[in-house]
Amino acid sequence: MLRIGIPVVGVTDIPRAVAFWTQALNLVVAEERSSETWRTLEYADRSGQALGLLRSASPAEPYPRLHLDLFTDSAEEQRAEVQRLVGLGARTVDWDRYPPDPDFVVLADPDDNIFCVIDLSRGPGGGDRPAA
């Protein structure tokens, strides 16, 4: 039976990506299937795989059709997490597609992969939030 596995992020520097995403999401490296071009990250309690990192020669897309949404439960938590992620090496993105009063903040990881930090207290499903 076919099932969804894990999201995979294309990166140019595996060690840098491992350092960022393990700290950002409290993940650990799974030694299984590690190579020079691949790392699997799993939950710190070893309960399962969470994210794949694949070395890629292609540049990150400025408006990706598929991206990660990271959830927070309040505006305060969102602000704190955005600040923490920027401290880890993410950068804020001058996003030209924000709606009025957005419930999300667009960031890019150290490889320029776009992701969003969502404040879930703003309502289920994000209202009229456009796709990043």
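Here are three short exercises on aromatic rings and one helix in a predicted model.

Residues are numbered from 1 along each chain as its sequence is written. In this predicted model, local features need pLDDT of at least 70 and side-chain atom pairs count only at pLDDT 80 or more, while totals for chains, interfaces and linings use all residues; side-chain values use heavy atoms, without hydrogens and water.

**Exercise 1.** Classify the ring pair Phe20 and Trp21.

Start with the rule: rings of Phe, Tyr and Trp (its six-membered ring) pair if their centres lie within 6.5 Å, and planes under 30 degrees apart are stacked, over 60 edge-to-face, the rest tilted. Next, the values: the centres of Phe20 and Trp21 are 4.9 Å apart, with 85° between the planes, so the pair is edge-to-face. Finally, Phe20, Trp21 and Phe115 form one aromatic cluster.

**Exercise 2.** Decide whether Tyr98 and Phe104 are buried or exposed.

Buried means under 20% relative accessible area, exposed over 50%, and partly exposed in between (1.4 Å probe, protein chains only). Tyr98 has 31%, so Tyr98 is partly exposed. Phe104 has 3% and therefore counts as buried.

**Exercise 3.** Check the span of helix 1 (residues 14-25).

Helices are DSSP runs (H or I, at least four residues), numbered from the N terminus. The expected span is 1.5 Å times one less than the number of residues. For the twelve residues of helix 1 that gives 16 Å, and the end C-alpha atoms are 16 Å apart, which agrees. As a last step, look just past helix 1: Asn26 takes a positive phi of about 55° there.

Conventions:
Helices (H or I, at least four residues) and strands (E, at least two) are DSSP runs, numbered from the N terminus.
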